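Here is a short briefing on surface character and backbone geometry. Keep the structure open while reading.

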Amino acid sequence: MKKTIWSLVVLCFSITLKSQNASVEKSVFGIQTGFLGIWVHNESKLSNQIALRSEIGFDSGIWGGDFYDKTGFLMTPVITAEPRWYYNLNTRVSKSKKIDGNSGNFISLKTSYHPDWFVISNYDNLAIISDISIVPTWGIRRNIGKHFNYETGIGLGYRYIFAKQAGYLKNESDAALNLHLRIGYRF
C-alpha cells in the first residue's frame, strides 16, 4: 500500500512540474505561404511564454477594374518583427495537447515595414510607397504532423505611409488590418 501511495505522489508531482514548465521552443525556423504572399520566419525564445518572431518575405496584391488593361499583380518585400505571447501553453499541456513548434494561441504586436526596394509585377515601372504598420494581433498556430503547421490571426492597428519620399506634400497615416491564414513548413 505504501508503494502505491508513494508511486501516486511521485506521479502527481511530476505531472505538476511538467505543466509548470511549459515553454516556447528555443528557436523555430520555417517558411509559410498564404493567399497573398510567402514568408521565411524565425521565432526566438525570450521567456517561457514569449517569443520574438522575425520575418522576411513578399506581400502581394491584386487589382483590376474598368480603368486597367488587365488584372494587376505585384509582390513587394516586407520585413517584420513581432513579439508573441503564447498565453495558453500550460492549459494545452494540462489537457495533453501538443505545444511543439510553438503550437498555441498568441497575442502579438506585429510591426511590418515595406521598403521601396523593388516590385515584382506584371505592369512595367510600378513602384510602391514605403510604409510601416503596428498591429496588435490575436492568433493561433497548430501543427499538422511533425513539420507542417497552419496559422491564422486578426488584428487592427496603425499604418504610417512615407508619402513625402514619393513626391507628395505630406506623409499619411491610416488604419491597418492584419487578417491572415497561412500554411507552413517547420525545419
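A patch is built from residues with over 30% relative accessible area and no salt bridge, and nonpolar side chains are joined within 5 Å. The model is predicted. Two topics follow: a nonpolar surface patch, and positive phi at asparagine 102 and asparagine 125.

**Nonpolar patch**
- Phe29, Ile31, Ile38, Val40, Ile56, Ile79, Tyr113, Trp117, Phe118, Ile120, Ile132 and Phe187 make up a nonpolar patch on the surface.
- Together they have about 1,100 Å² of accessible area.
- Strands β1 (27-34) and β2 (37-45) each contribute at least two residues to the patch.
- Isoleucine 56, one of the patch residues, sits in strand β3 (residues 50-63).
- The relative accessible area of isoleucine 56 is 48%, so this residue is partly exposed.
- That value also meets the patch cut-off of over 30%.

**Positive phi**
- Most residues other than glycine have a negative phi.
- Asparagine 102 is not a glycine, yet its phi is positive, about 60 degrees.
- Asparagine 102 lies in the loop between α2 (89-94) and β5 (104-114).
- Asparagine 102 counts as buried because its relative accessibility is 1%, and the cut-off for buried is under 20%.
- Asparagine 125 also has a positive phi, near 55 degrees.
- The loop between β6 (120-121) and β7 (131-144) holds asparagine 125.
- Asparagine 125 counts as exposed because its relative accessibility is 82%, and the cut-off for exposed is over 50%.

Technical notes. Residues numbered from 1 in each chain as written. Predicted model: local features only at pLDDT ≥ 70, side-chain atom pairs only at ≥ 80, totals over all residues. Heavy atoms only, no water. Patch = residues over 30% accessible without salt bridge, like charges linked within 9 Å, V, L, I, M, F, W, Y side chains within 5 Å. Areas by Shrake-Rupley, 256 points an atom, 1.4 Å probe, with all protein chains shown as cover. Salt bridge = Lys/Arg side-chain N within 4 Å of Asp/Glu carboxyl O. Helix = DSSP H or I, 4+ residues; strand = E, 2+ residues; numbered from the N terminus. Buried < 20%, exposed > 50% of the residue type's maximum accessible area, 1.4 Å probe, protein only.
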